[in-house]
Amino acid sequence: MRIGILGSGLMGGKLGTLFARAGHDVVFSYARSDQKLKRLAREARGNARAGTPGEAAREADVLLLAVHWSRVDDVLKQAGDLSGKVIISCSLPMNAADTGLVIGHTSSGAEALAKKVSKSRVVSAFNTVPSEVLFGVFAARRKARKPSLVYCGDDARSKKIAAELIRDVGFDPVDAGPLRIARYTEPFTLLIAQLAYEGDGGPELAYRFERFGGKA
Ligand SMILES: NC(=O)c1ccc[n+]([C@@H]2O[C@H](COP(=O)([O-])OP(=O)(O)OC[C@H]3O[C@@H](n4cnc5c(N)ncnc54)[C@H](OP(=O)(O)O)[C@@H]3O)[C@@H](O)[C@H]2O)c1
């Protein structure tokens, strides 16, 4: 797949690197320095390069949106026409201080995003784990017991693409349903962040759902 990274920070930088290592074509965009984008592309050791958000979007089948909530409008404006694109968003609707969600209960960041880009297909994914765990999960991707990763969206084809990328990074994709389920997955991330950043075990934390009895 050709993947455009919109926001090459902790999440976008790492996920873009892992997508490239999994064999995808990646364009890193949107950081405060072009040098950083070029370094990410070099160090990804795959088919990766640096570009503008417009370039990342034009050539991509799939976009990863990985910016702070306050930067969403800016990066979307720079990306240009996103009609028909699949946008996988790991962005959470956090306030400026990153202490709480600014959207919740009756909507979600993912749904608010989908309204902004009504001609694109939004999938919410990768937003429920800390960036610190991503390389560890990738390193362990051939093990039988994989961590779960919930995702949700309204378009079946886009969700299939998201599930493939989730698998490529080393997670077991868990389809949580339509995009409105982001109302549950986004606050769930605050629990994960609490355990990752305030707990004793460190931030390299993922989660796994287990079923007992009933259907396998
Ligand atoms: N970090 C996590 O563990 C985590 C987990 C789950 C969800 N999320 C969500 O994922 C999203 C991304 O988080 P993150 O931690 O990856 O954020 P981040 O590290 O701050 O990355 C954001 C990217 O946007 C770029 N950027 C910011 N302002 C800019 C500007 N004015 N012009 C150009 N580029 C600019 C940053 O540039 P620089 O590279 O120059 O700083 C960086 O590349 C957020 O919505 C967050 O809530 C994060």
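This passage describes the strands and their pairing, the cysteines, the ligand surroundings and a few single residues of a predicted model.

The model is predicted, so local features need pLDDT of at least 70 and side-chain atom pairs count only at pLDDT 80 or more, while totals for chains, interfaces and linings use all residues. Residues are numbered from 1 along each chain as its sequence is written, and side-chain values use heavy atoms, with hydrogens and water left out.

A good place to begin is strand β4 and its neighbours. Helices (H or I, at least four residues) and strands (E, at least two) are DSSP runs, numbered from the N terminus. Strand β4 covers residues 62-65. Val 62 and Leu 64 point one way from β4, Leu 63 and Leu 65 point the other way, and all are buried; buried stands for under 20% relative accessible area, exposed for over 50%, and partly exposed for what lies in between, with a 1.4 Å probe and protein chains only. Strand β1 (residues 2-6) pairs with β4 in the parallel sense over four bridges, where two strands pair if DSSP finds at least two bridges between them. In this pairing, Ile 3 stands opposite Val 62.

On to β5, which is joined to β4 by four bridges, the two strands running parallel. Leu 63 of β4 faces Ile 87 of β5, and Leu 65 stands opposite Ser 89. Strand β5 (residues 86-89) is covered on both faces: Val 86 and Ile 88 on one side, and Ile 87 and Ser 89 on the other, are all buried. Together, β4, helix α4 (residues 72-79) and β5 make a right-handed β-α-β unit. A crossover is right-handed if, with the strands pointing away from the viewer, the path from the first strand over the helix to the second runs clockwise.

Strand β6 (residues 121-124) also pairs with β5, in the parallel sense and over four bridges. Ser 89, already met opposite Leu 65, stands opposite Ser 124 in β6 as well. From β5 the chain crosses through helix α5 (residues 109-116) to β6, in a β-α-β crossover that is right-handed.

What is the direction of the pairing between β6 and β7? These strands run antiparallel and are joined by two bridges, with Val 123 standing opposite Gly 153. Strand β7 is largely enclosed by the rest of the structure, because six of its six residues are buried. Ser 148, Val 150 and Cys 152 point one way from β7, whereas Leu 149, Tyr 151 and Gly 153 point the other way. Four bridges join β7 to strand β8 (residues 172-175), and this pair runs parallel. Leu 149 stands opposite Pro 173 in β8. The chain reaches β8 from β7 through helix α7 (residues 156-169), and this β-α-β crossover is right-handed.

Ser 148 deserves a closer look. It sits in strand β7 (residues 148-153) and counts as buried at 2% relative accessibility. Its side chain reaches the backbone nitrogen of Phe 209 at 2.9 Å. Such a polar contact is a pair of N or O atoms within 3.5 Å; within protein, one must be able to donate a hydrogen and the other to accept it, and residues adjacent in sequence count only if both atoms are side-chain atoms.

How many disulfides are there? The count comes to zero, a disulfide being a pair of cysteine sulfur atoms within 2.5 Å. The sulfur of Cys 90 is 13 Å from the closest cysteine sulfur, in Cys 152, and that is too far for a bond. Cys 90 is buried, with a relative accessible area of 8%, and Cys 152 is buried too, at 0% relative accessibility.

Attention now turns to the ligand. Of the 20 residues around the ligand, Met 11, Arg 32, Lys 36, Val 67 and Ser 131 come nearest; a residue is near a molecule or strand if one of its heavy atoms lies within 4 Å of it. Backbone atoms also approach ligand oxygen atoms: a polar backbone atom of Val 67 is 2.7 Å from one, a backbone N or O atom of Leu 10 lies 2.9 Å from one, and a backbone N or O atom of Leu 92 lies 3.1 Å from one. The protein covers 79% of the 890 Å² of accessible area that the ligand has on its own. Accessible areas come from the Shrake-Rupley method with a 1.4 Å probe, and for residues only the protein chains shown count as cover.
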